[in-house]
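Here is a short set of questions and answers on how the labels used for a structure follow from its values. Have a look at the model first, and then we can go through it together.

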There are 4 protein chains.
Amino acid sequence: MATSQIQSTPAAAVDPIQQQLVEARRNQILDAATTVFAASGFHRATIRAIAQQAGVADGTIYTYFANKDALLLGILDRLNETPARADHFAQGATVDLRAFVTAYTSRRLALLFANLPLFQALLPELITNTELRRRYYDETIAATMPVAERYFADCIAAGEMRPLDVKATVRMLAAMTFGLMMLRLLGDDTIDVSGGDDHRLADVMTTLILEGIEAEEAGNDRGA
Amino acid sequence: MATSQIQSTPAAAVDPIQQQLVEARRNQILDAATTVFAASGFHRATIRAIAQQAGVADGTIYTYFANKDALLLGILDRLNETPARADHFAQGATVDLRAFVTAYTSRRLALLFANLPLFQALLPELITNTELRRRYYDETIAATMPVAERYFADCIAAGEMRPLDVKATVRMLAAMTFGLMMLRLLGDDTIDVSGGDDHRLADVMTTLILEGIEAEEAGNDRGA
Amino acid sequence: MATSQIQSTPAAAVDPIQQQLVEARRNQILDAATTVFAASGFHRATIRAIAQQAGVADGTIYTYFANKDALLLGILDRLNETPARADHFAQGATVDLRAFVTAYTSRRLALLFANLPLFQALLPELITNTELRRRYYDETIAATMPVAERYFADCIAAGEMRPLDVKATVRMLAAMTFGLMMLRLLGDDTIDVSGGDDHRLADVMTTLILEGIEAEEAGNDRGA
Amino acid sequence: MATSQIQSTPAAAVDPIQQQLVEARRNQILDAATTVFAASGFHRATIRAIAQQAGVADGTIYTYFANKDALLLGILDRLNETPARADHFAQGATVDLRAFVTAYTSRRLALLFANLPLFQALLPELITNTELRRRYYDETIAATMPVAERYFADCIAAGEMRPLDVKATVRMLAAMTFGLMMLRLLGDDTIDVSGGDDHRLADVMTTLILEGIEAEEAGNDRGA
DNA sequence: GATGAATGAGTTTTCATTCAT
DNA sequence: CATGAATGAAAACTCATTCAT
């Protein structure tokens, strides 16, 4: 049970070089796991395949992770250590709304699409595994949504937005980016931002978000 | 491999009552499989669990399906037999844009949320299993998108929409509904339409889609 | 966890022939397990070896037993179903003490030595495995000792025995037979009753128990 | 295989201090092994657990012992270095029989019960492991029994004992003490001499051995 | 056609042992 | 010599699938 994982040994002042080697090895294994999980799915992926991908022996994986599930948690944790998305909203209030939405949208798309294999590895289990899902929800979704909601409330107060249902709207916008990635995962490669910000897409998206699709009869003033 | 599945026996004129019994049994098993897959995921689900849920013996399942994978295909096929979504667009052109978008949005949300367990059962494998994904993509996504694209093109031609990137926009809107369901699957129950059309949500969504979130400095004329 | 073992299905009136087949198979497997455990010890014994010895596939064992430990419990349970030793004392009071001790001793030795492989299989784990030990103690030792103690108390009351410490004496006598078997297990084949009552040994033992080893003259002057 | 164990290095005149350190370390490890084997059994005991108990690194154990089995042999060897039991019989002939039996019994019980963990550690493997059993038998049982047999023969010659089957009797008496320890190992703590000579028990036992359990009156007319 | 016991391939995990530091 | 991370062989156990009844 309490397999002696390699971790910060509180008793001894941990050798910092050793520490780094350990961290490197952990990442090496998590990278391999991400790759293999993405390719075959969590269950079809064998420890052996991951070990080979990582270039270590099967047993070595268990020196760094308690079991196969822990690999998934490890992947999730690394995802959460990613430069905090919540922060994007921090500077938001200062700048122009359109500029902000463009910047935010484009960064979020880039983040999602840059991590396609990671989501491909994680999502199936997130959908299926209650414990993992709870953790992802708590640490990621539940941690981000309120920040966005607060930002939207600010915008409304500043008269920059019309008062729609804030919670629903925030989710719709999150859903839009997330759903685009899902379409990609499901094989629709019409939209693919992997490997580079796509300013055009972010622009289209920003316009859709800000102005909607309706013609401006309505929109006379746009040209004006 | 080529186990003699129960199917149209071309030699004998198939007994129609027999035929119906077979179909009923197939559905009974697929229902069980959907339930169990949704609850535990495809791999954690055992044939035994499905058989028990369906109230048959393990072996019986193999009379109706070649193997475990075939259950997944069966579920997918039933999904595709669902009253075609593509048709929604057919009548579209005739009616008022806002009314159409509302109707469409609401129907699509209802469809997705009514089948949450089905998607929970299917999605993880769709993401993971290349063959299944291709099939889903071909039969569902690739079959629907062009219809929507054509409809949008018509709207633009009719001056009801501004010329945005049609393909991208169609995907963004599809992504929005799909993404909302994903959020639900991932544990966010802020949005939940299961068990009943939610007109309010469809309204909010329609407004967002048509008009965007930006304030109407611009939008003075809305009230007018 | 709760693997559906084959057991009395309470719902259906269990097919008695089926029942017997199941019982036969269980015994077949337990026999094999006893043999292999005795030969190699519980841990060195592999499920594969047991399966081969039993002439079944590895997996079949798990149809009848939840896990390797359950084999041990199964062996123990069969031991306890052996014609109850406690009963030996029942008729004791009626007959002559020497006849009784001889009969009892001889039966007990026969039982122990006839089941040498069984004890060889069981004992190492009994010594080591707390749970199994507790069960063996409760069901076997604790169930037998009081009967013997009561019998001894009766004998003392009847004036046939001198008042020694009853509990200790009972244990010493039990220990004697048990210890003889242990010596056999440890390689001393001076004493071996396997495969047939050995009346001579039972006689020697009875005499030792009843009269001790001291020369008689010594005994006469003791009272003096 | 033939790992260069730390042993008498014949080339160099062995540093006697070094020698002692080595011996100390060996004992430290054997103590740990005894503890852990007794607690969990040989197979459940891991080298890691033993190393931790001994306060050394896993690898260090292999500097002092060729492999896990060698730990068992080491434990056995230390047991055999225990102040030889055979010697007890040496002085026997001189003293009074009852005094001798009491002294011997009491010492033997003390020895067995003082080493309960050791036997708990050793016995399961002795029963199971042929090689170890042979060694134990040769060095311990086979080495002791003849001494006792000779002593008994002397006693008979001296008229202190009646001529029973000597070999069998010797074994029965050995079995009695050994069996008492077994009962203890199996959870019966009615008899427990650990941590102190129990003169009362030795007395009861001596009386049983010398006089038997039969009432005396019976005994008087026996000779008649 | 239905049943469910039997099968055995395939997986995770453990742990004795080695060996570079 | 001590260390403990790496190794990989071995084993328990699961479960899709088959097939005799």
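Q: Let's start inside the model. What is Ala175(C) in contact with, leaving aside its neighbours within four places in sequence?
A: This is a predicted model, and in it Ala175(C) is in contact with Ala175(D), Met176(D), Gly179(D), Leu180(D), Met182(D) and Leu183(D). Contact here rests on C-beta atoms within 7 Å.

Q: Which residues touch the most other members of the largest nonpolar core?
A: Ala175(C) and Ala175(D) do, in a core of 122 residues. A second, separate core has 118 residues, including Met176(A), Tyr104(B), Val193(B) and Ile213(B).

Q: What makes the relation between chain A and chain B that of a two-fold axis?
A: Chain A is laid on chain B by a turn of 179 degrees, with a shift of 0.1 Å along the axis and an RMSD of 0.2 Å. Those values are why the relation is called that of a two-fold axis. The same surface serves both copies, as 98% of the contact residues of chain A recur in chain B.

Q: Which rotation superposes chain C on chain D?
A: A rotation of 179 degrees does this, with 0.1 Å of shift along its axis and an RMSD of 0.2 Å. Here too the same surface serves both copies, and 100% of the contact residues of chain C recur in chain D.

Q: How many residues of chain A are in contact with chain B, and what supplies them?
A: On chain A there are 53 such residues, facing 53 of chain B. The elements α7 (116-128), α8 (130-157), α9 (166-185) and α10 (199-211) of chain A each supply at least two residues to this side. The largest share, 14 residues, comes from α9(A). By class, the side of chain A that touches chain B has 29 nonpolar, 12 polar and 12 charged residues.

Q: How do you know that the length of helix α6 of chain A agrees with what is expected of a helix?
A: Helix α6 (residues 97-114) of chain A has 18 residues, and at 1.5 Å a residue it should span 26 Å. Its end C-alpha atoms are 25 Å apart, so the two values agree.

Q: Which residues of α6(A) are called buried?
A: Phe100(A), Val101(A), Tyr104(A), Thr105(A), Ser106(A), Arg108(A), Leu109(A) and Phe113(A) are buried. The label asks for 20 or more other C-beta atoms within 10 Å of a residue's own. Across chain A, 35% of the 224 residues count as buried.

Q: What does chain A consist of, helices or strands?
A: Chain A has 11 helices and zero strands. Of its contacts with a separation of 6 or more, 66% join residues 24 or more positions apart.

Q: Which residues come nearest to DNA strand E?
A: Of the 34 residues around DNA strand E, the nearest are Ala57(B), Gly59(B), Ala57(C), Gly59(C) and Asn67(D). Among the elements that give two or more residues to this surface are α2 (47-54) and α3 (58-64) of chain A. The surface has 10 nonpolar, 14 polar and 10 charged residues.

Q: And which residues are closest to DNA strand F?
A: Gly59(A), Asn67(B), Gly59(C), Ala57(D) and Gly59(D) are the closest of the 36 residues that surround DNA strand F. One of the elements giving two or more residues to this surface is α1 (16-40) of chain D. By class, the residues near DNA strand F divide into 11 nonpolar, 15 polar and 10 charged.

Conventions: Residues are numbered from 1 along each chain as its sequence is written. Chains are lettered from A and ligands numbered from 1 in the order in which they are written. This is a predicted model: local features need pLDDT of at least 70, side-chain atom pairs count only at pLDDT 80 or more; totals for chains, interfaces and linings use all residues. A residue is near a molecule or strand if its C-beta atom, placed from the backbone, lies within 6 Å of it. Helices (H or I, at least four residues) and strands (E, at least two) are DSSP runs, numbered from the N terminus. Ala, Val, Leu, Ile, Met, Phe, Trp, Tyr, Cys and Pro count as nonpolar, Asp, Glu, Lys and Arg as charged, and the others, Gly among them, as polar. Copies are superposed by least squares on the C-alpha atoms of residues with pLDDT of at least 70 in both. Two residues are in contact if their C-beta atoms, placed from the backbone, lie within 7 Å. A nonpolar core is a set of buried Ala, Val, Leu, Ile, Met, Phe, Trp, Tyr and Cys residues joined through C-beta atoms within 7 Å. A residue is buried if 20 or more other C-beta atoms lie within 10 Å of its own, exposed if 12 or fewer, and partly exposed in between; C-beta atoms are placed from the backbone. The expected span of a helix is 1.5 Å times one less than its number of residues.
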